[in-house]
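Take a look at the protein below. This report walks through its domains, its hollow spaces and a few spots in its backbone.

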Amino acid sequence: MPNYKLTYFNVTGRAEPARVMLHYGGIPFEDVRIEHADWPSIKPTTPFGQLPVLEVDGKKYTQGTPLARYVANVVGLVGKTNEENLEIEIAVNIVSELLITAYEFKYDSDEEKKKQHLKKLNELMAKYLPVLDEAARKNGGHLVENKLTWADIFFVTSYEDIRNILKNKDIVEDFSGLQHLKKNVLSEKNIRQYIQNRPKIPTFVYDLRSEV
């Protein structure tokens, strides 16, 4: 088995899907969480000057979603057919659009632009959450083919981030299928243990550990 090292800040963000899936698969890895103060000295050593970075036997790779997809393949959380993988990718892209818009709202310092980002996020949630909920209700609390895939994990980790960005607003409270999806993901033994034991994030107003 390769040696894995995953480097990111002590936040969830773009590294959390890969972290969760590595734990799900029981894959040993070095979980490096750097301080923001150390980032300027570390940045030149990373591909494209970005985090997260996954090292596989010393070779460095970056970009959060491709890393998540890679780990999903390692631990068997992908589809059995090209069509299943297409469905998974569509779901992940939808969730990514929500998450990116939430990040834009969080990090934009211009108050007028923040209002625009929030308006866009609310519009996207109104558009996409019912679609994702319908898929989850049809698939036994999963997004694709009645089974756990990396799309489910990607949704739950993104849900946690978005809920924190929106100051603890539960974006799935009106969606029984997505509530079932969250319950399914958090009921996985290795995932539950990771969530219970991962380092606390001081800025969080909502933590998934409250539900495991």
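The domain bounds used here come from an automatic or database domain assignment. The model itself is predicted.

## Two domains and the space between

The assignment splits the protein chain into domain 1 (4-75) and domain 2 (82-188). Their C-alpha centres lie 21 Å apart. Domain 1 puts 12 residues into the contact, and domain 2 puts in 12 residues.

Where does the largest pocket lie? Both domain 1 and domain 2 give residues to its lining, so the pocket lies between them. Its volume is about 650 Å³. The lining has 24 residues. Nearest the pocket centre are V11, K106, Y107, T203 and F204. Three elements give two or more residues to this lining: β1, α4 (82-107) and α6. Of these, α4 gives the most, with 4 residues. Sorted by class, the lining holds 12 nonpolar, 6 polar and 6 charged residues.

The UniProt record adds another set of bounds. In an unreviewed entry, it lists residues 81-203 as "domain: GST C-terminal". Over residues 81-203, the chain is 74% helix and 0% strand. The C-alpha atoms at the two ends of 81-203 are 40 Å apart.

## Three hollow spaces

The table sets the largest pocket beside the second largest pocket and the largest cavity.

| Space | Volume | Lining by class |
|---|---|---|
| Largest pocket | about 650 Å³ | 12 nonpolar, 6 polar, 6 charged residues |
| Second largest pocket | about 210 Å³ | 5 nonpolar, 5 polar, 1 charged residues |
| Largest cavity | about 40 Å³ | 8 nonpolar, 1 polar, no charged residues |

Now take the second largest pocket. Its lining is made of Y8, F9, R14, W39, G49, Q50, L51, P52, Q63, G64 and T65. Two elements, β1 and α3, each supply at least two of the lining residues.

Next comes the cavity. How many cavities of 30 Å³ or more are there? The count comes to 1. The largest cavity is lined by V20, I153, V156, T157, V185, L186, I191, I195 and L208. Helices α6, α7 and α8 each give two or more residues to the lining. The most come from α6, with 3 residues. There are no charged residues in this lining.

## A helix under cover

V20 lines the largest cavity, and V20 is also one of the buried residues of helix α1. Is α1 largely enclosed or largely open? Buried means under 20% relative accessible area. In α1 (residues 16-24), 7 of the 9 residues are buried, so the helix is largely enclosed by the rest of the structure. The buried ones are E16, P17, A18, R19, V20, M21 and L22.

What covers these residues? The cover includes two strands, β1 (4-9) and β2 (30-34). It also includes the helices α3 (64-75), α6 (150-165) and α8 (189-197). After α1 comes G26, whose phi is positive, near 65 degrees.

## Spots in the backbone

Two lining residues of the second largest pocket deserve another look: P52 and Q63.

Start with P52. The peptide bond from L51 to P52 is cis, with omega near 5 degrees. P52 sits in the loop between α2 (39-42) and β3 (53-56). L51 also helps line the second largest pocket.

Then Q63. Its phi is positive, about 85 degrees, although Q63 is not a glycine. Q63 is found in the loop between β4 (59-62) and α3. Is Q63 buried, exposed or partly exposed? Its relative accessibility is 37%, so Q63 counts as partly exposed.

K167 also has a positive phi without being a glycine, with a value near 60 degrees. K167 lies in the loop between α6 and α7 (176-187). Exposed means over 50% relative accessible area. K167 has 74%, so K167 is exposed.

## Putting it together

The largest pocket lies between domain 1 and domain 2. Helix α1 is largely enclosed, and V20 of α1 is part of the lining of the largest cavity. The cis bond from L51 to P52 joins two residues that line the second largest pocket.

Methods: Residues are numbered from 1 along each chain as its sequence is written. This is a predicted model: local features need pLDDT of at least 70, side-chain atom pairs count only at pLDDT 80 or more; totals for chains, interfaces and linings use all residues. Side-chain values use heavy atoms; hydrogens and water are left out. Buried means under 20% relative accessible area, exposed over 50%, partly exposed in between (1.4 Å probe, protein chains only). Contact means heavy atoms within 4.5 Å. UniProt positions are given in the numbering used here, feature names are shortened, and annotations may be inferred rather than shown by experiment. On a 1 Å grid over the protein atoms alone, a cavity is a set of points where a 1.4 Å probe fits but cannot get out, and a pocket is an open set with protein on both sides within 12 Å along at least five of seven lines; lining residues have an atom within 4 Å of a point. Grid points are joined across faces, edges and corners, and a volume is the space filled by probe spheres set on the points. Ala, Val, Leu, Ile, Met, Phe, Trp, Tyr, Cys and Pro count as nonpolar, Asp, Glu, Lys and Arg as charged, and the others, Gly among them, as polar.
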